[in-house]
Structure formats: C-alpha cells, structure tokens
Amino acid sequence: MKAKRIVVKVGTSTLTYDSGRLNIRRIDHLCKVLSDLQNSGREVILVSSGAIGVGVGKLGLKQRPKETRKKQAVAAVGQCELMFVYDKLFGEYNRTVAQILLTRDVVEHDHSKQNVVNTFEALMEMGIIPVVNENDTVAIDENFGDNDTLSAIVADIVEADLLVILTDIDGLYEEDPRKNPDAKRIPVVRHIDGHIREIAGGSGSNRGTGGMSTKITAAVVATEAGIDCCVINGENPELLYDLLEGREIGTRFVAKKKG
C-alpha cells in the first residue's frame, strides 16, 4: 500500500486495561511502530481516545462520571496523563509529538479550519507527530460524539491517503464474534449499505464511547472523501506493517473514486 500520509486512530479499549489504567506495554509498542513508519518516510497523525478513561483510572473511580462538569474534570486529568506518556514513549524513539485538541465548531468554520490545516502541515513538515483528541475538557455536548468520527474528519481535512482504526476486534464480522466464535470476518467492503450498518451492532466498552457502528460512520466519512479506511485489531500494532505491505488485515472499506 503506497499510502504516504496516514491517520491512525486508537481507542480507549486498546489503550487501557479493564481497570482503566494504561496498558503501557501496548502503548509503547504502538509508539515504536508509528515512529518506525515515520522514519520510513511516511507521515503519521495519531488520533487518540482515552482522556476520560485514563482519568477514571488515575483517580480510582469505579465508573465514568455522568455529570458533564465531572466528565470535563476527569478528562483534564486524563489528557495530562495521556500526553505525558506519549511524550515519554515517543521520545524513546527520537520522535517529538504535539497535542492538538479539537472541537466540532473549529472544523466547521472555514477560517478556523484552515488554521487547523496549517498547524498540521507545519508539524508534519517539521517531522513532528500530531496527537489529536477531542477537547473534552471544555466541550462535551458540542463535540464529535466519538473519536472514530473525529479521525475520519481529520483524515479528510489533512487529505490523508489512509485512515486506520485500531480496535479490540479483528474487523467487521457478519455476526458478533463474541457471541458466535464461528462468525466470518468481512475482509473488504465496497459499499456501505443498510445491511453493513445493521451487522455493525451497538456501542463499545464501558471505558470508551465507540463501537463498530461508529467505525462504520467514520468509514462513510473517509470513503466519501476518497480515503480508504481499514479497521484492524490494535492488540498487536505490528499489524500496521502487514497492512501497509498489502496483506489482508481486518476490514478494508474502499474509497469512492472522486470525480
């Protein structure tokens, strides 16, 4: 796969243990692979969930708060922890990261959207890996709803060649593989119709907001923009190498041809 500019989205369930605490080994592995891809000449943008989930773990809470102001407080704690870890681990591989926090209103207005694009371009010209998240600390209700959608919007505005969504299953299945171990994975989706949406099912884990349905929504945004979208298992980040070398990994949603 010749994709030069890649947006990689990683979800809370991939980043953390059931306790909400960070899965340091997996994050370190992810940082190593992304740093290596950057070293190979590709441009990498990381869209990372986890602020609220990590905040819940760091504060020792039993569950995600329901009150908006407490969600925002927990997100503030978690985002700080998350970026500290990314800065440290990417730094181990001689890579510098930058934090970009977005809200929907910023990318919906032409002037502020262009400022965002300019920032991304400047960072990538300097060889810096942008780490993007929703700005949960100041805007919960006015946000994208989930980082799958955010990652597709980011892929669109930076004109990425590929969007890869790392999740906790191997792709889209004809049935829920957790309920039916014999369920078959769908390797390629060329058209997202009602059937595909139906089999995508419901919401995600208790630590995150997304499920396969939000990944389908993200795939629609990406493919409509002419960008391939791949959903793969984030448990082993080295699968990114296999994917970029053309092996059949996860589920690939084929971009619509422009024009």
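The following exercises, with worked solutions, examine selected helices, residues and a cavity in a predicted model.

**Exercise 1. Determine whether the span of helix α4 agrees with its number of residues, and describe the end of this helix.**

Solution.
Step 1. Helix α4 covers residues 68-92.
Step 2. At 1.5 Å a residue, its 25 residues should span 36 Å. The C-alpha atoms at its two ends are 36 Å apart, which agrees with that expectation.
Step 3. The buried residues of α4 are Q72, V74, A75, G78, Q79, L82, M83, V85, Y86, L89 and F90.
Step 4. Just after the helix, N94 takes a positive phi of about 60°. N94 belongs to the loop between α4 and β3 (97-102). With a relative accessibility of 73%, N94 counts as exposed, because the cut-off for that class is over 50%.

**Exercise 2. Find the aromatic pair of the structure and classify its geometry.**

Solution.
Step 1. The structure holds one aromatic pair.
Step 2. The pair is formed by Y86 and F90, whose ring centres are 6.1 Å apart. The ring planes stand at 35°, so the pair is tilted. The reasoning rests on the limits for the classes: planes under 30 degrees apart would count as stacked and planes over 60 as edge-to-face.
Step 3. Both residues lie in helix α4, and because they are four residues apart there, about one helical turn separates them.
Step 4. Y86 has a relative accessibility of 1% and counts as buried. F90, at 0%, counts as buried too.

**Exercise 3. Describe helix α9 and state which elements cover its buried residues.**

Solution.
Step 1. Helix α9 runs over residues 212-224 and has 13 residues. From its first C-alpha to its last it reaches 18 Å, close to the 18 Å expected.
Step 2. Its buried residues are M212, T214, K215, I216, A218, A219, A222 and T223.
Step 3. The cover over these buried residues includes the helices α7 (147-157) and α8 (194-200), together with the strands β5 (162-167), β7 (228-233) and β8 (251-253).
Step 4. Take T214 as an example from this helix. Its relative accessibility is 13%, and it counts as buried because the cut-off is under 20%. Leaving out residues up to four places away in sequence, T214 touches D146 and D148.
Step 5. Just after α9, G226 takes a positive phi of about 85°.

**Exercise 4. Establish whether V189 is buried or exposed, and list the residues that it touches.**

Solution.
Step 1. V189 lies in strand β6, which consists of residues 188-189.
Step 2. The relative accessible area of V189 is 4%, so this residue is buried.
Step 3. Apart from residues up to four places away in sequence, V189 touches L172, I196, T251, R252, F253 and V254.
Step 4. V189 may also be located relative to A219, which stands 30 residues away along the chain. The C-alpha atoms of V189 and A219 are separated by 9.9 Å.

**Exercise 5. Locate the largest cavity and characterise its lining.**

Solution.
Step 1. A search of the whole structure finds one cavity of 30 Å³ or more. The largest cavity has a volume of about 30 Å³.
Step 2. Its lining is made up of V10, T14, L15, R26, I27, L30, L166, G234 and P237.
Step 3. The elements that give two or more residues to this lining are α1 (12-15) and α2 (24-39). The largest share, three residues, comes from α2.
Step 4. By character, the lining residues divide into six nonpolar, two polar and one charged.
Step 5. P237, one of the lining residues, is found in the loop between β7 and α10 (239-244). P237 is buried, with a relative accessible area of 1%. Neighbours within four places in sequence aside, P237 is in contact with R26, H29, L30 and V33.
Step 6. L166 is another residue of the lining. L166 and P237 are 71 residues apart in sequence, and 8.3 Å separates their C-alpha atoms.

**Exercise 6. State the sign of phi at E159 and say where this residue lies.**

Solution.
Step 1. E159 has a positive phi of about 55°, although it is not a glycine.
Step 2. E159 lies in the loop between α7 and β5.
Step 3. Its relative accessibility is 65%, so E159 counts as exposed.

Conventions:
Residues are numbered from 1 along each chain as its sequence is written. This is a predicted model: local features need pLDDT of at least 70, side-chain atom pairs count only at pLDDT 80 or more; totals for chains, interfaces and linings use all residues. Side-chain values use heavy atoms; hydrogens and water are left out. The expected span of a helix is 1.5 Å times one less than its number of residues. Buried means under 20% relative accessible area, exposed over 50%, partly exposed in between (1.4 Å probe, protein chains only). Contact means heavy atoms within 4.5 Å. On a 1 Å grid over the protein atoms alone, a cavity is a set of points where a 1.4 Å probe fits but cannot get out, and a pocket is an open set with protein on both sides within 12 Å along at least five of seven lines; lining residues have an atom within 4 Å of a point. Grid points are joined across faces, edges and corners, and a volume is the space filled by probe spheres set on the points. Ala, Val, Leu, Ile, Met, Phe, Trp, Tyr, Cys and Pro count as nonpolar, Asp, Glu, Lys and Arg as charged, and the others, Gly among them, as polar. Rings of Phe, Tyr and Trp (its six-membered ring) pair if their centres lie within 6.5 Å; planes under 30 degrees apart count as stacked, over 60 as edge-to-face and the rest as tilted.
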